[in-house]
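Me: I am new to this structure. Please pick one part, look at it closely, and then lead me from there to the rest.

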Amino acid sequence: IGGCVLRGGGGGGGVRPRPAAAVLTLVDCAGSERKEDSAHHNADRRKEGAEINASLHALKECMRQWVATEAGKPNVHIPFRQSALTRVLCNSFTRPDTLMAVVGTVSPASTDAEHSIATLRTVCQIGAETSVSRESKQAVKPVGPALPPPTQHPKSYDVTATHAWLSTACGGAVAPLLHHVSPSLDGKALMKLSAKQMASLWSAGDELAAQIFTELRIEAKRADDSLRARRAGKRAHEHKKFG
């Protein structure tokens with residue numbers, strides 16, 4: 001957060017006293033640090049972000065009380081001593097001829113939508129205009145081409161999906177052996193089993209266990225190929241869109 005103060009001539013006594021000195025105070029507030037944006041910050045950066053948010057909170061509270069004062073509400077206390085930012089603006093909060101303006105910088109890019117919305121919310125809060133602000137959302141069509149749904153990888157199967165896949169594996173040959181399969185076996189654990197372990201744990205023959213192992217790897221490769229195809233489709237669309 002930075003700022004500067006410009007003071008004009010004024011004041012003084014004499015036969016024709018000059019008006020009070022004009023003061024222009026400019027304050028550049030850093031953006032409100034969102035939790036998502038500070039997830040990978042170190043301790044110093046997180047501390048700095050917390051201090052910024054505390055200063056912005058103090059500024060919002062002072063502005064809210066200042067607006068109440070301007071509206072004629074009696075016995076209003078403006079807590080401008082809560083932060084260094086609001087102490088810089090103390091004259092603005094106490095002079096009766098103060099004029100204040102809040103300017104926010106937003107972007108029309110869709111990738112900056114969340115940051116722009118957060119900025120507009122902060123501007124409304126600082127300007128004590130939350131009562132007149134509103135948000136509206138509109139569903140829009142996807143900008144990219146329709147991509148095929150991704151194939152689920154066996155390692156992400158839950159217990160139910162794992163047993164369902166085993167019941168149909170190898171043309172249903174594994175179904176009679178399901179009572180040997182652990183009730184808590186999921187896809188992640190299944191992918192770690194070797195063919196010999198499958199044969200030993202499930203009382204399956206070596207040939208059937210090898211078929212299960214091979215079919216499981218084929219299913220995993222199909223899921224990997226599906227993911228790569230989706231990524232390639234997205235990259236091709238971005239290349240076409242931006243040249």
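**From one exposed loop residue to the core**

Reply: Asparagine 75 is exposed, because its relative accessibility is 82% and exposed means over 50%. Keep in mind that this is a predicted model. Asparagine 75 sits in the loop between H1 and helix H2, which spans 84–88. Its phi is near 55 degrees, a positive value in a residue other than glycine.

Cysteine 170 offers a useful contrast. Its phi is also positive, near 55 degrees, and cysteine 170 is again not a glycine. It belongs to a loop too, the one between helix H5 (159–168) and helix H6 (187–192). Its surroundings are another matter. Cysteine 170 has a relative accessible area of 16%, so it counts as buried; the limit for buried is under 20%.

Now step back for the overall plan. The protein chain has eight helices and two strands. Along the sequence the pattern is β-β-α-α-α-α-α-α-α-α. Of its 243 residues, 25% are buried. Among contacts with a separation of 6 or more, 54% join residues 24 or more positions apart.

Next, H1. This helix covers residues 43–70 and contains glutamate 51. Glutamate 51 counts as partly exposed, because its relative accessibility is 47%. Its C-alpha atom is 9.2 Å from that of serine 83, a residue 32 places away along the chain.

H1 also meets another helix. Two packed helices are described by the angle between their axes and the distance between those axes. For H1 and helix H4 (residues 113–126), the axes come within 8 Å and cross at roughly 40 degrees. H1 is therefore oblique to H4. On the H1 side, the contact uses Leu59, Lys60 and Met63; on the H4 side, it uses Thr122, Gln125 and Ile126. By type, the residues in the contact of H1 with H4 are three nonpolar, two polar and one charged.

Then H5, the helix before the loop of cysteine 170. Which residues of H5 are buried? They are Thr162, His163, Trp165 and Leu166. Viewed down the axis of H5, these buried residues fall within an arc of 160 degrees, so they line one face of the helix. An α-helix has 3.6 residues a turn, so residues three or four places apart point the same way. The other side of H5 holds Thr160 and Thr168, which are exposed.

Two of those buried H5 residues, Trp165 and Leu166, lead to the largest nonpolar core. In soluble globular proteins, nonpolar side chains tend to be buried together. Here the largest core has 21 residues, and those with the most contacts inside it are Trp165, Leu166, Leu190, Met198, Trp202 and Ile212. At least two residues each come from H5, H6, helix H7 (195–202) and helix H8 (206–242). H8 gives the largest share, five residues.

Look closely at tryptophan 165. Leaving out residues up to four places away in sequence, it touches Tyr157, Leu190, Ile212, Glu215, Leu216 and Glu219. A second, separate core has 10 residues, including Leu59, Met63, Trp66 and Leu85. Two of these bring us back to H1: Leu59 and Met63 also take part in its contact with H4. The route thus began at asparagine 75, exposed at 82% relative accessibility.

Definitions and conventions:
Residues numbered from 1 in each chain as written. Predicted model: local features only at pLDDT ≥ 70, side-chain atom pairs only at ≥ 80, totals over all residues. Heavy atoms only, no water. Helix = DSSP H or I, 4+ residues; strand = E, 2+ residues; numbered from the N terminus. Buried < 20%, exposed > 50% of the residue type's maximum accessible area, 1.4 Å probe, protein only. Axes fitted to C-alpha atoms, helices over the stretch in contact; angles between N-to-C directions. Parallel < 35°, antiparallel > 145°, perpendicular 65-115°, else oblique. Contact = heavy atoms within 4.5 Å. Nonpolar A, V, L, I, M, F, W, Y, C, P; charged D, E, K, R; others polar. Core = buried A, V, L, I, M, F, W, Y, C linked by side-chain atoms within 4.5 Å. Arc of directions from axis to C-beta.
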